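Me: I am new to this structure. Please walk me through how to read it, one feature at a time.

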Amino acid sequence: MQGQKQKCAECNKEHHEEYDRFFCSKKCQDKWDTRYDWQQDHSRESNKGAICPFCEHEHKASGDYPSLYEENTTEFDCENCHKTFEVEPHCEWTWYSRPLDSDYPEEE
Ligand SMILES: [Zn+2]
Ligand SMILES: [Zn+2]
């Protein structure tokens with residue numbers, strides 16, 4: 001949008017046009033990139049529940065952890081090492097298909 005100044009994603013200072021993305025300086029861009037890589041390196045994926053990226057403790061998805069079923073990314077406290085990490089639930093689609101009732105082969 002014209003007239004609206006972009007803010008640096010890292011330090012919230014005014015965006016500098018020299019940087020094509022959303023940073024004010026090379027320093028901020030590097031900082032952001034480095035942190036992003038670190039996050040990727042430490043991310044865990046499981047279809048059973050939330051795994052703590054610090055101690056690998058697995059919090060099995062169940063009624064005990066209602067926040068694991070929220071649609072948005074939420075912060076989660078590890079019950080083993082008590083560090084906080086982010087959890088982003090992903091829903092997997094499943095398709096069930098079956099014939100129509102009317103196609104049931106009736107016996108003579
Ligand atoms: Zn900045
Ligand atoms: Zn932990």
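Me: What percentage of the 108 residues of the chain count as buried?

Reply: Keep in mind that this is a predicted model. To judge burial, count the C-beta atoms around a residue; 20 or more others within 10 Å make it buried. Of the 108 residues here, 6% count as buried.

Me: Which elements make up the chain, and in what order do they run?

Reply: Start with the tally, then read from the N terminus. The secondary structure comes to 1 helix and 4 strands. The elements run α-β-β-β-β.

Me: Is the chain spread out or a compact globule, and why?

Reply: Compare the radius of gyration with the globule rule. The radius of gyration is 23 Å, while the rule gives 13 Å for 108 residues. The value is well over the rule, so the chain is more spread out than a compact globule. The spans tell you about the axes: the C-alpha trace covers about 80 × 45 × 20 Å along its principal axes.

Me: Which domains does the domain assignment give?

Reply: Look at the bounds, then at the centres. The assignment gives domain 1 (1-41) and domain 2 (47-108). Their C-alpha centres lie 33 Å apart.

Me: How do I read a helix?

Reply: Begin with the general idea. An α-helix has 3.6 residues a turn, so residues three or four places apart point the same way. Now the case here. Helix 1 covers residues 26-41, which is 16 residues. From first C-alpha to last, helix 1 reaches 22 Å, close to the 22 Å expected at 1.5 Å a residue.

Me: How many of the 16 residues of Helix 1 are buried?

Reply: The count is 1, and Helix 1 is hardly covered.

Me: In which sense do strand 3 and strand 4 pair?

Reply: Look at the bridges between the strands. Strand 3 and strand 4 (residues 84-87) pair in the antiparallel sense, over 4 bridges. As one example, Asp77 has Thr84 in strand 4 as its bridge partner. The hairpin of these strands has 6 residues between them. His82 in that hairpin takes a positive phi near 65 degrees.

Me: Is Gly63 buried or exposed?

Reply: Place the residue, then count. Gly63 lies in the loop between strand 2 (58-60) and strand 3 (74-77). Gly63 is exposed because it has 7 other C-beta atoms within 10 Å, and 12 or fewer count as exposed.

Me: How far apart in space are Gly63 and Cys91?

Reply: Check sequence and space separately. Gly63 and Cys91 are 28 residues apart in sequence. In space they are 17 Å apart, C-alpha to C-alpha.

Definitions and conventions: Residues numbered from 1 in each chain as written. Chains lettered and ligands numbered in written order. Predicted model: local features only at pLDDT ≥ 70, side-chain atom pairs only at ≥ 80, totals over all residues. Helix = DSSP H or I, 4+ residues; strand = E, 2+ residues; numbered from the N terminus. Domains from an automatic or database assignment. Expected span 1.5 Å × (residues − 1). Pairing = 2+ DSSP bridges. Rg over C-alpha atoms; globule rule 2.2 N^0.38 Å.
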